[in-house]
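Reader: I'm new to this one and would like to learn how to read it. Could you walk me through it?

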Amino acid sequence: MGQNSWQAKDFLVYRDGHNGSTFRAMRSVFTAARIFSLLPMTGVFGDSVTDLHFKWLSFSVFYSIFVILAVGGMTLIAALKLVGETVDFTNLVSVSFYLYNFCAILLFLQIARKWPALAIQWHTIEKCLPQTEHLCSRRSLKTRLQQLVSSVLILAAIEHSLSIVAGIDKSYRCMASNQSYLELYFLESLPHFFEIFPYHPLLGWFGYLINFYCTFVWNFMDLFIISIGISLTTKFKQVNVKIEQARGRIMSDVFWNNMRNYYQQVSWLVREVDKVISGLIFLSYLNNLYFVCVQLLHSLNPMENYIQAIYFWYSLIFLIARTFGVSLYSSKIHDQSKQPVHVIRSIPTTGLSKEVERFLEDVTNGTVALTGKQFFRLTRKLILKITGTIVTYELVLVQVSPRGHVTTSESTNPGNPNLCT
């Protein structure tokens, strides 16, 4: 057997070349991550999952450490701006933005260290599952993840472009005779940075690149969680498609014993994945809920012009969509884990053996779902809780903040407080 036993070619092959391996299906996700120094692993484009490694002495890790230091420095600079000021909900936006991204990069580095071993376990389990992925969806997992990556990054690029247009608009209205558009844009976007350092175009571009990088991390965090949710849901669907063969029929104990083993293997995989990414899930919800509340509070203020209004509402809708996207796609894991109950209940009474009862007990009594550090589980009920939380926070913020006033760019463009009023 040897290393060849790990080759993904052992899977069934789709028309688009996808062969059922999650390792290969997620290449588009890992490629986007590597460009921005997230998940610094080698062997992403290898033929075998055993080619995947994390090495401290590699360019990818050095690149990641450099970015960690840069974002950490920007976080410190934003925090220093608060010295001597009254700390409240609104002027913490910039610090929170950089701090969240700093923590996210560290978490991705931690995930990269654990992912090669987890990928081998994942690959081992999915090779033992029924090869029914082609019956689960018209599109392969590879195609769905490629479309997901493309869609999210395009929408994120549009949001970032709108933020630049909004920043240029502010710069134009604040323009002085002795200042260029570029200087005003950098000063307006990075006031915390240029309160410590004298203005220079190179420093302006450096600060802009850090903001651009943080914007990508902010979006990729949700993209990564959604891709994991889709991938794990597909594994459960493969088992459920096989279980569907027993609907209304009497099957042997061997069949049910095999189905129970498949189900337990996928459930175990979900728990192992959760151990690795639960911290990132917790940070994602903390981050998104905070900025949703900031944006909603700002919505109480009149917009300066249609450019600012377009950017604000696009940014808010995109943020809410990402938050609910994480919840919906991740909650499908829990939904699929409960699907065997419907099939078992359709079995004739004469077909209810001890193996069936044991399987039913596993499905009904267990809770299979991703979590946020075990503080909450990603199920459909969480969507209602999030909605209630947002409404509650909004009501509280409206009461404690006079007339719901929030500085415009702090709420619409995290990390870029406004100089011009």
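Reader: Let's start with one helix. Which residues of H3 are buried?

Author: Before the list, keep in mind that this is a predicted model. The idea is that a residue counts as buried when its relative accessible area is under 20%. In H3, that goes for Ser60, Val61, Ser64, Val67, Ile68, Ala70, Val71, Met74, Thr75, Ile77 and Ala78.

Reader: And what covers those buried residues of H3?

Author: To find cover, look for whatever is in contact with them. Here the cover includes helix H2 (27-35), helix H4 (93-128), helix H8 (191-194) and helix H9 (201-243).

Reader: How does the span of H3 relate to what is expected at 1.5 Å a residue?

Author: You go from the first C-alpha to the last and set that against the expected value. H3 runs over residues 59-80, which makes 22 residues, and it reaches 32 Å, close to the 32 Å expected.

Reader: Okay, zooming out. How many helices and strands are there in the chain?

Author: The chain has 15 helices and zero strands. As for burial, 55% of its 421 residues count as buried. The accessible surface is about 19,100 Å², and carbon and sulfur atoms hold 62% of that.

Reader: What share of the contacts comes from residues 24 or more positions apart?

Author: This one tells you about links between distant parts of the sequence. Taking the contacts with a separation of 6 or more, 78% are between residues 24 or more positions apart.

Reader: Which residues have the most contacts inside the largest nonpolar core?

Author: Think of a core as buried nonpolar residues joined through their side chains. The largest one here has 113 residues, and Trp115, Phe220, Phe224, Trp256, Ile277 and Leu370 have the most contacts inside it. Helix H10 (residues 253-298) gives this core its largest share, 21 residues.

Reader: Take one of those. What is Trp115 in contact with, leaving aside its neighbours within four places in sequence?

Author: With those neighbours set aside, Trp115 touches Phe30, Met41, Leu52, Trp122, Phe224, Ile228, Val276 and Ile277.

Reader: H10 came up just now. Is Arg260 in that helix buried or exposed?

Author: Arg260 sits in helix H10. Its relative accessibility is 12%, so it counts as buried. Leaving aside neighbours within four places in sequence, Arg260 is in contact with Arg358, Phe359 and Asp362.

Reader: Why does Ser163 count as buried?

Author: Same way of reading: check the percentage against the cut-off. Ser163 counts as buried because its relative accessibility is 6%. It belongs to helix H6 (residues 141-174), and its side chain reaches the backbone oxygen of His160 at 2.5 Å.

Reader: What about cysteines? How many disulfides does a search of the whole structure find?

Author: For a disulfide, you look for two cysteine sulfur atoms within 2.5 Å. The search finds zero disulfides. Cys214 counts as buried, at 0% relative accessibility, and Cys293 counts as buried too, at 4%.

Reader: Now the loops. Where does Leu39 lie?

Author: Leu39 lies in the loop between H2 and H3. For a loop residue, have a look at the backbone angle phi. Leu39 has phi near 50°, a positive value in a residue other than glycine. With 1% relative accessibility, Leu39 counts as buried.

Reader: And Gln374, is it buried or exposed?

Author: Exposed is the word for a relative accessible area over 50%. Gln374 is at 54%, so it counts as exposed. You'll find Gln374 in the loop between helix H13 (354-365) and helix H14 (380-400). Its phi is positive, about 70°, although it is not a glycine.

Reader: Which side chain does the side chain of Gln374 make a polar contact with?

Author: That of Asp274, at 3.2 Å. You can also compare sequence with space: Gln374 and Gly279 are 95 residues apart along the chain, while their C-alpha atoms are separated by 9.3 Å.

Reader: One last residue. Where is the place of Ile317?

Author: Ile317 is in helix H11 (residues 306-337). At 55% relative accessibility, Ile317 counts as exposed. Ile317 and Gln295 lie 22 residues apart in sequence and 9.8 Å apart in space, going from C-alpha to C-alpha.

Conventions: Residues numbered from 1 in each chain as written. Predicted model: local features only at pLDDT ≥ 70, side-chain atom pairs only at ≥ 80, totals over all residues. Heavy atoms only, no water. Helix = DSSP H or I, 4+ residues; strand = E, 2+ residues; numbered from the N terminus. Buried < 20%, exposed > 50% of the residue type's maximum accessible area, 1.4 Å probe, protein only. Contact = heavy atoms within 4.5 Å. Areas by Shrake-Rupley, 256 points an atom, 1.4 Å probe, with all protein chains shown as cover. Core = buried A, V, L, I, M, F, W, Y, C linked by side-chain atoms within 4.5 Å. Expected span 1.5 Å × (residues − 1). Polar contact = N/O pair within 3.5 Å; in protein donor to acceptor, adjacent residues only side chain to side chain.
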